[in-house]
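Good morning, and thank you for coming. I would like to take you through some helix contacts and then some empty spaces in one structure.

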Amino acid sequence: MRFAFFGSSLVSSYWNGACTYYRGLIRCLHERGHEITFYEPIAYGRQEHRDIDDPPYARVVVYPAEAESRVLETVAGVRGQADIVVKTSGVGVHDQLLVEAVLELQAPVSIFWDVDAPATLAGMEADPADRLRGRIADFDLVLTYGGGEPVVSRYRELVARDCVPVYNALDPLTHHPVAPLEHLGADLSFLGNRLPDREARVEEFFFAAAAALPRHSFLLGGSGWEERAGDPNVRYLGHVSTADHNALNCSALAVLNVSRESMAANGFSPPTRIFEAAGAAACLITDEWEGIELFLEPGYEVLVAEDGAAVAAQLDGLDRDRAAAIGSAARRRILGEHTYMRRAVQVEAILAGAPA
């Protein structure tokens with residue numbers, strides 16, 4: 001089948017948390033014989049901060065997005081060229097225009113693929129006149145990269161024809177164990193961009209733990225933390241390219257996951273960092289949210305903390321042997337059950353009308 005994706009970016013992870021998800025899933029769809037074209041706008045400095053060249057598994061079309069006419073011209077060029085047209089959430093520029101234009105194509109199958117379902121749903125539910133809310137029933141299918149039954153039920157209440165979660169996963173070709181690097185060594189590392197609905201949780205789970213353990217070393221990666229990262233035992237890296245994620249995950253005693261507020265409240269929303277860390281056989285400490293046990297077993301494959309004090313306690317009681325055992329167990333579980341190849345097979349089944 002021929003897919004046309006309209007998304008944020010396939011070639012840059014800069015202010016683009018869904019990048020790993022797109023790359024893993026699209027690569028595996030390509031390996032299963034599908035043709036993919038990914039359309040991404042020139043926006044947010046992403047083209048200036050590319051992580052990869054155009055990949056062999058997709059044709060990448062980068063289009064100017066300052067004027068609506070250029071966006072419409074790009075979408076119109078897809079007419080008759082795709083069996084499945086996908087509009088993802090969070091493109092970041094002209095999102096509603098893209099919704100309208102994609103639906104006007106009247107492709108054989110149109111999909112709204114939500115990579116931030118709790119936030120998207122909150123916006124639609126808060127405003128009965130929301131323009132996306134008024135068009136969601138016109139898509140043949142809504143797919144999400146997490147959210148479980150709570151998200152499915154909320155989308156169906158908004159009259160979506162159907163909604164199926166296609167969860168984040170691991171691409172073992174890109175995320176795997178590597179040799180640790182001394183300059184990335186720390187007792188606990190955290191990687192995440194500074195976002196409004198994550199910042200308070202990072203203060204609680206990361207910075208509070210660092211304050212409680214002044215003799216331990218902490219490493220912070222991600223964009224936007226320049227003005228905050230001043231604690232004496234916290235080193236700040238700034239933006240970390242996806243090419244360096246494995247080394248970051250393999251160089252610390254433990255790696256911290258902090259979910260965004262909306263995803264933690266909804267539950268069943270494992271972020272890409274969970275799978276990246278597990279793929280590298282890192283010992284993961286995650287904030288607590290409903291559904292974690294569907295992906296990793298608490299206490300054996302992952303450590304779960306309800307607040308910053310619990311993160312500090314988990315870290316203070318952790319030695320390298322236990323950290324290695326937890327990381328190895330997590331990697332085995334994810335490789336066995338949660339790879340992007342499995343997700344690609346699931347997508348094919350969904351499109352064929354099989355039970356998901």
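**Helix packing and voids**

Helices H1 and H13 are roughly perpendicular to each other, because their crossing angle falls in the class of 65 to 115 degrees (under 35 degrees counts as roughly parallel, over 145 as roughly antiparallel, and the rest as oblique). Please note that this is a predicted model, in which local features need pLDDT of at least 70 and side-chain atom pairs count only at pLDDT 80 or more, while totals for chains, interfaces and linings use all residues. Residues are numbered from 1 along each chain as its sequence is written, and side-chain values use heavy atoms, with hydrogens and water left out.

To return to the pair, the axes of H1 (residues 19-31) and H13 (residues 340-351) come within 8 Å and cross at roughly 65°. Helices (H or I, at least four residues) and strands (E, at least two) are DSSP runs, numbered from the N terminus. Axes are lines fitted to C-alpha atoms, for helices over the stretch in contact, and angles run from 0 to 180 degrees between N-to-C directions. The crossing of H1 and H13 is right-handed (the near helix is turned clockwise from the far one by less than a right angle; anticlockwise would be left-handed). H1 contributes Thr20, Tyr21, Gly24, Leu25, Cys28, Leu29 and Glu31 to the contact, and H13 contributes Tyr340, Met341, Arg343, Ala344 and Val347, where contact means heavy atoms within 4.5 Å. This contact has 8 nonpolar, 2 polar and 2 charged residues; Ala, Val, Leu, Ile, Met, Phe, Trp, Tyr, Cys and Pro count as nonpolar, Asp, Glu, Lys and Arg as charged, and the others, Gly among them, as polar.

Next, H4 (residues 117-126) and H6 (residues 148-157) have axes that come within 11 Å and cross at roughly 30°. H4 and H6 are therefore roughly parallel to each other, and their crossing is left-handed.

The third pair is H10 and H12 (residues 320-337), which pack at an angle of about 110° with their axes 8 Å apart. This crossing of H10 and H12 is also left-handed. Phe275, Ala278 and Gly279 of H10 meet Gly327, Ala330, Arg331 and Ile334 of H12, a contact of 4 nonpolar, 2 polar and 1 charged residues.

I turn now to the voids. On a 1 Å grid over the protein atoms alone, a cavity is a set of points where a 1.4 Å probe fits but cannot get out, and a pocket is an open set with protein on both sides within 12 Å along at least five of seven lines; lining residues have an atom within 4 Å of a point. Points are joined across faces, edges and corners, and a volume is the space filled by probe spheres set on them.

How many cavities of 30 Å³ or more are there? The count comes to 1. The largest cavity has a volume of about 80 Å³, and its lining includes Ser189, Asn249, Arg273 and Glu276. Strand S8 (186-191), helix H8 (245-251), strand S11 (252-257) and helix H10 (272-279) each give two or more residues to that lining.

Finally, the second largest pocket has a volume of about 280 Å³. Thr20 and Gly24, named above in the contact of H1 with H13, are among the residues lining this pocket.
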